[in-house]
Structures are given as structure tokens and as C-alpha cells.
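Good morning, everyone, and thank you for making the time. I would like to walk slowly through one protein model today, beginning with the whole chain and then turning to single residues.

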Amino acid sequence: MGGMSFASSLLGSMGQREAAKRRNKARKQNWEHQLRVRKQNWYQNLSIWGAQRNKYYIDLNENDIAAQRGYSQAQVQLNDEFAKVAQANEGALIKYLQSTGKLAAAGRTGRSIQRLATLDLGALERSAGRNYYKLTRSRQSFKAITENIRRQQMSQRNQLHANVAFAPVPDLPPPA
């Protein structure tokens with residue numbers, strides 16, 4: 001009987017060892033699978049992050065182009081204002097010169113003619129003053145517009161950068 005119990009315990013311990021081997025093998029296979037999944041997820045995260053960075057650089061270029069369009073449009077508007085003022089000043093000067101010379105050419109002289117010439121010159125200066133005021137306002141408007149464009153550009157840049165600011169970090173490996 002002692003031999004049978006020894007044999008049954010020997011067979012039992014061999015069975016336990018086989019079961020332990022199978023459990024260990026299954027655990028090792030599961031651990032290796034978890035490592036493969038982790039690696040696959042890591043490469044997927046890197047791929048997504050790389051695509052986001054590429055999109056960031058494209059969007060950054062588009063943002064810069066949009067800002068340049070805005071700056072160009074503001075500059076064109078300012079240049080148009082300068083051209084209008086130059087034409088208005090030229091027209092006022094021509095009118096002044098035409099009216100000033102007529103009285104002197106007609107032989108009219110004296111204090112009243114000088115007063116009329118002074119009034120005409122004053123009208124010319126008032127016209128030029130109004131035009132320069134318009135230019136000053138146009139310059140101020142131009143500066144405000146370009147500053148607003150710059151603020152929008154910086155805000156958009158910050159929003160774009162927020163999407164790619166932090167590089168992905170691999171998660172911890174599963175315990176062995």
C-alpha cells in the first residue's frame with residue numbers, strides 16, 4: 001500500500017507540475033501578447049501624432065497666408081485713401097491757382113483783393129487740413145486692423161499648437 005500511495009503522490013505531483021507548466025506557459029503567452037498590443041498601440045499613437053504634426057504645419061502655413069492677405073488688403077485700403085487725398089488736394093490746388101490768378105490778371109489790386117486771396121488760401125489750407133485728418137484716421141484704422149489681424153493669427157497659432165504640444169508617451173509595460 002505504501003508503494004501505491006507513493007506512486008499516486010508521484011503521479012499527482014507530476015500532474016501538478018504539468019498543470020503549473022501549462023499555467024506558466026499561458027501566462028507567458030498572455031504577457032507576450034500584452035507586449036505586442038502595447039507596441040502596436042505605441043506605433044499607432046506615434047503615427048497619429050505624426051499626422052497631427054503634419055496637419056499643424058500645413059495649418060500654420062495657411063494661417064500665415066491668411067494673415068498676409070489681411071495685411072495686404074489693409075495696405076491697399078490705406079493706399080487708396082492716400083490716393084484719394086492726393087487727388088482732392090490736387091483738385092483744390094488747381095482751383096486755388098485758377099481763381100487767384102484771374103483777379104490779378106484783370107488788373108484788380110488792393111486790400112480787398114488781398115483779402116480774397118487770403119480767404120482762398122485759407123480755404124485751400126482748410127481743405128488740406130481735412131484731408132490730412134482723414135489720412136491720420138486712416139493710419140490709425142490701418143494700425144488697429146493690422147494689430148487685430150496679428151492677435152487673431154497668434155490666437156490661431158496657439159490653438160493649433162495645443163493639438164501637438166505634447167508628444168505621446170508609451171504606457172508602462174505589463175508586469176512580467
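Let me begin with a question: how much surface does the protein expose, and what share of it do carbon and sulfur atoms supply? The exposed surface comes to about 13900 Å², and carbon and sulfur atoms supply 57% of that area. Please keep in mind throughout that what you see on the screen is a predicted model, and that the values I quote have been computed from it.

Let us look at the overall form. The protein contains two helices and zero strands, and if you follow the C-alpha trace along its principal axes, you find that it spans about 155 × 20 × 10 Å. A compact globule of 176 residues would have a radius of gyration near 16 Å, whereas this protein has 44 Å. As for burial, 15% of the 176 residues count as buried.

Now, which residues touch which? If we take the contacts in the protein with a separation of 6 or more, then 94% of them are accounted for by residues 24 or more positions apart. I will show you some examples of contacts, going from one place to another.

The first place is the nonpolar core. In general, nonpolar side chains in soluble globular proteins tend to be buried together. In this model, the largest nonpolar core has five residues in all, namely Trp 49, Tyr 56, Leu 60, Leu 160 and Val 164. Helix H1, which runs over residues 2–105, gives the most to this core, with three residues.

Let me take two members of that core in turn. Tyr 56, if we leave aside its neighbours within four places in sequence, is in contact with Arg 157, Leu 160, His 161 and Val 164. Leu 60 lies in helix H1, and it counts as buried because its relative accessible area is 12%, which is under the 20% cut-off. With neighbours within four places in sequence again left aside, Leu 60 is in contact with Arg 157 and Leu 160. You may also like to find Gln 153 on your screen, since the C-alpha atoms of Leu 60 and Gln 153 are 93 residues apart along the chain and yet separated by 9.3 Å.

Trp 49, which we met as a member of the core, has something else to show us. The charged end of Arg 53 sits over the ring of Trp 49, at 4.7 Å from the centre of that ring.

Let us move on to Glu 81 and Ser 138. Glu 81 has its place in helix H1, while Ser 138 has its place in helix H2. Is each of them buried or partly exposed? Ser 138 has 13% relative accessibility and therefore counts as buried, whereas Glu 81, at 24%, counts as partly exposed. Not counting residues within four places in sequence, Ser 138 is in contact with Leu 78 and Glu 81, and Glu 81, for its part, is in contact with Leu 135 and Ser 138. Glu 81 and Arg 139 are 58 residues apart in sequence, and their C-alpha atoms are 9.4 Å apart in space.

Another serine to look at is Ser 127, which lies in helix H2, residues 111–162. Its relative accessibility is 15%, so Ser 127 counts as buried. Apart from residues up to four places away in sequence, Ser 127 touches Asn 89 and Ala 92.

Finally, please turn to the loop between H1 and H2, where Ala 106 is found. Why does Ala 106 count as exposed? The reason is that its relative accessible area is 57%, and over 50% counts as exposed. The C-alpha atoms of Ala 106 and Met 154 are 48 residues apart along the chain and separated by 66 Å, while those of Leu 60 and Gln 153, as I said, are 93 residues apart and separated by 9.3 Å.

Thank you for listening.

Conventions
Residues numbered from 1 in each chain as written. Predicted model: local features only at pLDDT ≥ 70, side-chain atom pairs only at ≥ 80, totals over all residues. Heavy atoms only, no water. Lys NZ or Arg CZ within 6 Å of the ring centre and 35° of its normal. Core = buried A, V, L, I, M, F, W, Y, C linked by side-chain atoms within 4.5 Å. Buried < 20%, exposed > 50% of the residue type's maximum accessible area, 1.4 Å probe, protein only. Helix = DSSP H or I, 4+ residues; strand = E, 2+ residues; numbered from the N terminus. Contact = heavy atoms within 4.5 Å. Rg over C-alpha atoms; globule rule 2.2 N^0.38 Å. Areas by Shrake-Rupley, 256 points an atom, 1.4 Å probe, with all protein chains shown as cover.
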